[in-house]
Structure formats: structure tokens, C-alpha cells
Amino acid sequence: MNQPIITIFCSFTRRWAVDDWIKDLATVKHDPALTNLCFIVDCNEHYILTTLRKFAEENNYRSCHVRINEEWSPNEVRLAIRRARIAEVKNQSKELIAQADGEIVISLEDDTVMARLDSFDSLINPLLWDNAVGFVEGVQMGRWGANIIGAWQVDDIDNPLEIKTLLPKTGYEEISGGGFYGYATRKNLYLSHDYFTSTAQPHGPDVNYGIWLNRLKYKCLIDWNTVFGHNDFGNVAYPEQHKLAQVIFNKNLSTGKWERTDNEPNRY
């Protein structure tokens, strides 16, 4: 199957990650003539900006749209601040993505490692085969707290009282929401969503996007055979290298608060 026109988006805050990221992307089979690039440099790092623009120009990409937020200093410590900033940057990115043609957006993160991908076909194809599919993600292990996979399931999409992460299987599986580390979605859906997060939730804006899609009757999928690495200053983690956890949250009907109800010792 020929590649459709796609847009690849990534937000960068880590100077140390950019060189490896573009080398990594170059190893994944895709056609630059049919690929738009959209980037947000969410910090005052002009090296990242010039590196990304040079990469796009030298490899003859279809287009390249870049924004730099010089006034922002990333915070990787407080989870609530990180989630709020992810939502804000996602909303910023809609202006860039709206300038690119094509109907499919692939979104990645700057610490996502694509070394095991031959192409993006496993993420794109379900969107081409089934109009009811709105989101397809790969597999990545988080590195904050518990060793969980970014795939979440709720008990009731309209009134969730339990939400939990999933453990690996094979092939495609329907999920309620996933992570923003590596996924494909429809451009019109990406642009229509108001990305948000709340400190009252046990999850972030990524899972909120999936829940929103499910409520619109779109299917969200994870492909357990598409595995991303997670880069931490050159130390790349893959799921099979670690004992994976499953975290479970239940909503306390008396207080309205979400509480951890699993037996995993690690905090999340």
C-alpha cells in the first residue's frame, strides 16, 4: 500500500534528544515527499530549532512548520504541571497542523525511540481500513513511578468509576485511551479536540483524548506488536526489560476522589 500524505508532529524540550530523534526517524520507512513535519520547541533552545529545520530541508520533506516558545522553562518534576503543559502545547500544535495537508497525523515525543519500527504502517493502516477507528498507538513503558504501559481501560466510557492500565498481549486491542508517545489519528479529530487535564483525574490529556473519541463512537486501538523505546539521557527502556505493573484507580463515591486500589508498591 502506498503511503498517504501524513503529518508528523513532535514537541521538543530536551536538547540531548534531538540528534538521536532525527537519526531514528530517518531509519523508519516513509516518503518525505508525502510527509509534513510540525514541531514545537517548548523552551529557549535555538539549537533544536535549527537542527529540525536543517533536517527537514536536507531531506526534502513536503513541508515543515516550527514554533519556538522561548519564554517557557520545562518542568519535569511535578506531574500536574507537566500534564497541563502537554495539553497547552497540544492546543498550540493545532495551528501548525492545520497548515499541513493530508488527513492523518502521527504524533511522537522527543524521548520516543523508533528503532524497532520498519514503517508507520501498523499505526496508519487501521485508520485507512476502518472509518470507525480514530486512534492507534504503539507500546511504550512509562518511566515515572510504576512500570506501566500507556494503555488505559475504563469500566464505563460515559460514567467511569474504574480505570486501569493494561498488560501486554499481541495484535490490536481496543482501549479507552492511550499515550501521546507514539500514535496516529485523524487530522480532523486532532484539530477538533480541546486538550485538557485535571488534577482530580488519575490520568492526563492523552487519556482524555481517547475517552473523548470513544464517546464520539470512534475506536481507539493499541498495537501490541509496535513497540517504542523510552529514552532517558541515552538509557533506552523497553517493556520486556522490566517487570510491568498494572495500576487500578477507583472513584470513591463518597468523596468523588480517585483512589489507587491495586497492590503495586510503586507510586504513580
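## Helix 6 and its surroundings

Helix 6, which spans residues 205–215, has eight of its eleven residues buried, so the rest of the structure largely encloses this helix. In this predicted model, the buried positions of helix 6 are Pro 205, Val 207, Asn 208, Tyr 209, Gly 210, Ile 211, Leu 213 and Asn 214. After the helix comes Lys 217, whose phi is positive, near 75°.

## The nonpolar cores

In soluble globular proteins, nonpolar side chains tend to be buried together. Here the largest nonpolar core has 35 residues, and those with the most contacts inside it are Ile 8, Trp 21, Leu 25 and Phe 120. The elements that each give two or more residues to this core are strand 1 (6–12), helix 1 (15–27), strand 2 (35–41), helix 2 (46–58), strand 4 (104–109), helix 4 (121–129) and strand 6 (133–139). Helix 2 provides the largest share of this core, namely five residues.

Trp 21, with a relative accessibility of 2%, counts as buried. Leaving aside neighbours within four places in sequence, Trp 21 is in contact with Ile 8, Cys 10, Phe 12, Phe 39, Leu 108, Glu 109, Asp 110, Thr 112 and Met 114. Apart from the core that holds Trp 21 lies another core, of 30 residues, which includes Phe 9, Tyr 183, Leu 213 and Val 227.

## Aromatic pairs and charges over rings

The structure holds 16 aromatic pairs. One of them is formed by Phe 12 and Trp 21, whose rings meet edge-to-face, at 5.1 Å centre to centre and with 85° between the planes; Phe 12 is buried, with a relative accessible area of 0%. Another pair, that of Phe 180 and Tyr 209, is tilted, with 6.4 Å centre to centre and 55° between the planes. This pair links distant parts of the chain, since Phe 180 lies in the loop between strand 10 and strand 11 (182–186) while Tyr 209 belongs to helix 6, 29 residues apart. Both Phe 180 and Tyr 209 are buried, and ring pairs link these two with Phe 135, Tyr 183, Tyr 190, Tyr 195 and Trp 212 into a cluster.

Charged side chains also lie over aromatic rings in this model. Arg 85 is over the face of Trp 72, at 3.9 Å from the ring centre, and Arg 260 is over the face of Phe 249, at 5.8 Å from the ring centre.

## An open antiparallel sheet

Five strands, in the order 10-7-8-15-16, form an open sheet with antiparallel pairing. Strand 10 (177–178) and strand 16 (258–260) stand at its edges with a single partner strand each, so one side of each has no neighbour in the sheet. Within the sheet, strand 8 (residues 162–165) and strand 15 (residues 248–251) run antiparallel and are joined by three bridges. Glu 162 stands opposite Asn 250 in strand 15.

## Cysteines without disulfides

A search of the whole structure finds zero disulfides. Cys 10 is in no disulfide, and the nearest cysteine sulfur, that of Cys 38, is 11 Å away; with a relative accessibility of 0%, Cys 10 counts as buried. Cys 43 is likewise in no disulfide, and the nearest cysteine sulfur, that of Cys 10, lies 12 Å away. Cys 43 is buried, with a relative accessible area of 5%.

Definitions and conventions
Residues numbered from 1 in each chain as written. Predicted model: local features only at pLDDT ≥ 70, side-chain atom pairs only at ≥ 80, totals over all residues. Heavy atoms only, no water. Buried < 20%, exposed > 50% of the residue type's maximum accessible area, 1.4 Å probe, protein only. Helix = DSSP H or I, 4+ residues; strand = E, 2+ residues; numbered from the N terminus. Pairing = 2+ DSSP bridges. Phe/Tyr/Trp six-rings, centres within 6.5 Å; stacked < 30°, edge-to-face > 60°. Lys NZ or Arg CZ within 6 Å of the ring centre and 35° of its normal. Core = buried A, V, L, I, M, F, W, Y, C linked by side-chain atoms within 4.5 Å. Contact = heavy atoms within 4.5 Å. Disulfide = S-S within 2.5 Å.
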